[in-house]
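Colleague: Could you take a close look at a single part of this model and explain, step by step, how it sits among its surroundings? I am new to this, so please spell out the terms as you go.

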Amino acid sequence: MFIKTFTVDDSNLNEFNTAIKQGTGMVAYTADWCGHCQRLKPHWQQFQNKCGRKKVKQPVTVAHCDAQKYQNKAFGTNKVQGFPTIIAFQNGKEVGRFDQRHGSRENPKDLERFLKIFMESKSKKKTKTKKKKKKKNNKSKKKKKNNKSKKKKKKKKKKKRSTLKNLVKRLGY
């Protein structure tokens with residue numbers, strides 16, 4: 001399965017709305033009159049082209065939406081307060097917004113890195129639970145080893161005590 005890419009228009013609006021609600025998605029909401037959006041457009045298209053050739057295990061959607069034209073029609077347009085706004089979704093819920101700490105929105109590599117954060121978050125949850133189980137097993141093994149070593153130490157202490165008692169008796173104290 002490849003990453004789905006959309007430039008939202010009347011013909012694919014329903015497909016876009018459905019795709020964003022399933023799996024991971026990243027959408028650039030723009031306005032035609034916005035200068036920053038016009039500067040972002042070629043970089044976003046380059047990013048979409050790169051994503052369109054990538055294979056993924058889970059459904060992933062990368063889209064561009066004219067927020068003013070599809071206000072209250074396209075998914076997530078009601079969450080936009082400024083332009084451009086890049087939002088990451090997981091199963092229809094907003095999970096992140098691209099901002100300065102993620103890099104430059106005009107750098108496709110930074111956009112790709114941002115998307116990967118949310119693509120990998122599902123698989124990380126699975127591996128975390130596996131790691132927790134392994135840690136629990138390791139802890140129980142360590143406890144058993146510790147119990148054995150404690151028993152050995154107790155035996156040694158008893159031997160020392162008995163030899164000291166014998167020595168005290170021989171010396172007549």
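Modeller: What follows is a walk around strand 3, with its partners and the loop that comes after it. The model is predicted, so local features are given at a pLDDT of at least 70 and side-chain atom pairs at pLDDT 80 or more, while totals for chains, interfaces and linings use all residues. Residues are numbered from 1 along each chain as its sequence is written, and side-chain values use heavy atoms, with hydrogens and water left out.

To place the strand, begin with the whole protein, whose secondary structure comes to three helices and five strands (DSSP runs numbered from the N terminus, with H or I over at least four residues for a helix and E over at least two for a strand). From the N terminus on, these elements follow one another as β-α-β-α-β-β-β-α. Of the 173 residues in the protein, 34% are buried (under 20% relative accessible area, with exposed meaning over 50% and partly exposed in between, for a 1.4 Å probe and protein chains only).

Strand 3 covers residues 60-66, and because seven of its seven residues are buried, the strand is largely enclosed by the rest of the structure. Its side chains divide between two directions: Val60, Val62, His64 and Asp66 point one way, whereas Thr61, Ala63 and Cys65 point the other way, and all of them are buried.

Which strands pair with strand 3? Strand 1 (residues 4-7) runs parallel to strand 3 and is joined to it by four bridges, and strand 2 (residues 24-30) is also parallel to strand 3, here with seven bridges; two strands count as paired if DSSP finds at least two bridges between them. On the strand 1 side, Lys4 stands opposite Thr61, and on the strand 2 side, Tyr29 stands opposite Cys65.

The link with strand 2 also involves a helix, since strand 2, helix 2 (residues 35-52) and strand 3 make up a right-handed β-α-β unit (right-handed if, with the strands pointing away from the viewer, the path from the first strand over the helix to the second runs clockwise). Strand 2 has a further contact, in which the side chain of Thr24 is joined to that of Gln90 by a polar contact of 3.1 Å (a pair of N or O atoms within 3.5 Å, where within protein one must be able to donate a hydrogen and the other to accept it, and residues adjacent in sequence count only if both atoms are side-chain atoms). Gln90 belongs to strand 4 (residues 85-90), and because its relative accessibility is 13%, Gln90 counts as buried.

Helix 1 (residues 13-20) enters the picture through Ala19. The C-alpha atoms of Ala19 and Val60 are separated by 8.0 Å, although the two residues are 41 residues apart along the chain. Ala19 counts as buried because its relative accessible area is 5%.

Finally, consider the loop between strand 3 and strand 4, where Asn72 lies. Phi of Asn72 is near 65°, which is a positive value in a residue other than glycine. Is Asn72 buried or exposed? With a relative accessible area of 63%, Asn72 is exposed, whereas the residues of strand 3 are buried. Pro84 is found in this loop as well, and the peptide bond leading from Phe83 to Pro84 is cis, with omega near -15°.
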